[in-house]
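Visitor: I would love a close look at a single part of this model. Could you walk me through it slowly?

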Amino acid sequence: MPQTHYVTSAESLDQQSQQSHQTHHSQQSQGQGQGQGAHAYPPGDGGAPPTPTKSTSPPRSSAESAQRPGGPPRWRDSSTVGTGGGSELGHGQALPRVSVEESVASGGTGGGGDLDSAAASPAEVATLVEPSFDENILRALCQTDCGVPLLMDRIKQSMVSCREAAAFLKRRAGVEDEYGKAMQKLARQAANEYATSEAKAGSYVNAWQSSMRTHEVMADNRIKFALRLNEMSEELSNLAKEVDKNRKATKDLATRYERALQESESVTEKAKTRFDMTAEELERLLLQKEGESLKDNAMQGRSPVNGKRVIGKAVAKGGMLLKGKNPQNLQRQEDDIRARMSTASDAYRKAVTDTQTIRQEYFNFQLPRILRAFKECVDEIDLGTQYHLARYAFLCESIVHSDATIISPPDENTPGLKATMESIDNRTDFKTYMQAYVYAHGGTSRGPRRTGPADEGFLPPMPALHHHPGSSPSPSHAPLADKGRPTFGVNLAEQMARDDVDIPLIVVKCCEAIEKYGLTTQGVYRVGGTHSKVLKLKERLDRDLHSVNLDADEWSSDISNVTSVLKLWLRELPDPLFTSQQHSEFLEAARNENERARHIRLHERVNALPDPNYSTLKYLMGHLHKVVQHEAQNAMSVQNVAIVFGPTLFGQGQPGLNGQLNGMADASLQNKAVETILEHYTDIFVDEGDET
């Protein structure tokens, strides 16, 4: 089938009819010879309608044809129903079929014959085309066989989205309204109850009442916000209803147009069938007139009985076919059949012409109008939904900004909620209260007398105690316990400067005891000590480090208590041993997959540590190096030791590589850093010549 065909029903019928007439004409010419040429079908006297082998109807795209076929009056009437000259779709003027340039270029040429009509002038097209509409989208839809269902399904999706947005806004409005009313009720109730209670006065009551008024203002804003959301929800619901109404009206119009085209094609099919039956009847009559036997006829391959049955049908339909071969009767019957064939041919030609006219009218004018109406529905609901969602976002930002400005006004002269609470002066309030109370109750209060006769047991008042810098404090003001030189929770540099040492004393004391009693202990550092004993040892070391004897059986019998205290001291350092400043740099160095590169980068990070941290780390790593050397007895490999000391040396609450407090998430990198440093302890800390 040629590519220019876009609706094949009527055109295929035309081609079949043309081929059938050519076949019959060839058979007739072969039977009659040169003398029977007068019996051919004359074009204007009962012949078949001239149908082209290639469709002359314009393509379906409105952009490729400038013709508007004439067509039946009902199409003209249906396209102009409405007010103000608009279409019955309710979307303004009818959609033009071509742009101005295409209309001028086409020159008004199109279907030809009965289908010719005046093309739209450039001025008329210019007034019909809306500049805001995307004509390329319309052309693509017109060239698509599924343009109507495509747009209808899209409208359904947009309506569902619109209704979901409306439902969300309605529920959000309910939440905001309930919240605003509850806060408003709470603020008013709290203010009224405080006014009638025996609560504090002075600056406190002023701050309290001001804060309640602030809450009332915030509650009013929330209630107004809920009203706005309700309005938006109703507008979205109305938009969905309106678009659904327009969709149904446009769908009914499209269905009516398609049904009219289908009915016209059905009429064409019936007219063609009647024409073919009359042509067959005329052909049989001509064969009978020439005296040919039915048995010898190439068209009759059936038995004589079947042939008689066919002839019988032809006689019943054709009229007065005589049994004899009377030339006058045959001529009269031929004239009658030719008259009926001419009528059937005219009816068929008219049906084909009307169908082509309706088809061109539908695809070139009505279908673009319908698709444009559907596209406008899609744009209307999509843009409306987007507008309301953008408005919702703006209102959300506005309400948050409003709350922020109420709580913390930009005007420095207007106190915010925080400044109001900070304006409470408890000291002044208490002085005012004390003066008022003494003034009101000073003369009426009954209690023990302040002064009296000495013979009744009264003593003179004691002089006020004044503490001088050189005097010792009174027993009532003496400290409960002398902390001495605290060790836990003290900055490492301050602790070492205070004690005038290169290595913290507690580290040396604990490591010496562990190396003396715990190098061969199974799971040393991995097994924790008894909680109560760990706290007891910590308290003693924090009070007086030198007085604690770790060689005593109390501590040497269970060395895990000493290891736990050492790890506790490392964890309680204000700044971890791997300082918080270099925390991310250590982790970044540990991230290197290459062993050599990781070793070099970590070595650089260790050298960049402050002197107190470097000397302490060097001593601790030397101690742990000795522990690892006894792996066969204590089962503490480099990996196990790194797992224990990774979080301890890096600190638990340090920011990770992403800047968040996720030290636990970076545990693998911490362990890898400690493991690498411990594996390369000699390369990092021990100089050549100092190694023993």
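Visitor: Is Pro647 buried or exposed?

Guide: Happy to take you there, with the reminder that this is a predicted model. Pro647 is buried, because its relative accessibility is 16% and the cut-off for buried is under 20%. To find this proline in your viewer, go to helix 21, which covers residues 638–650. From Pro647 you can then step across to Gln670, which sits 23 residues away along the chain. The C-alpha atoms of Pro647 and Gln670 are 6.7 Å apart.

Some other sites make a useful comparison. Met434 has a relative accessibility of 42%, so this methionine counts as partly exposed. Met434 belongs to helix 11, residues 426–441, and joins Phe430, Tyr433, Tyr437 and Val438 in a nonpolar surface patch of about 560 Å².

The cysteines are worth a stop too. Cys396 has a relative accessible area of 19% and is therefore buried, given the cut-off of under 20%. Cys511 is buried as well, with a relative accessible area of 0%. For Cys511, the closest cysteine sulfur belongs to Cys510, and the 6.9 Å between the two sulfurs is too far for a bond, because a disulfide needs the sulfur atoms within 2.5 Å. Across the whole structure, the search for disulfides finds zero.

Coming back to where you began, Pro647 is a buried residue of helix 21, with the C-alpha atom of Gln670 at 6.7 Å from its own.

Key: Residues numbered from 1 in each chain as written. Predicted model: local features only at pLDDT ≥ 70, side-chain atom pairs only at ≥ 80, totals over all residues. Heavy atoms only, no water. Buried < 20%, exposed > 50% of the residue type's maximum accessible area, 1.4 Å probe, protein only. Helix = DSSP H or I, 4+ residues; strand = E, 2+ residues; numbered from the N terminus. Patch = residues over 30% accessible without salt bridge, like charges linked within 9 Å, V, L, I, M, F, W, Y side chains within 5 Å. Areas by Shrake-Rupley, 256 points an atom, 1.4 Å probe, with all protein chains shown as cover. Salt bridge = Lys/Arg side-chain N within 4 Å of Asp/Glu carboxyl O.
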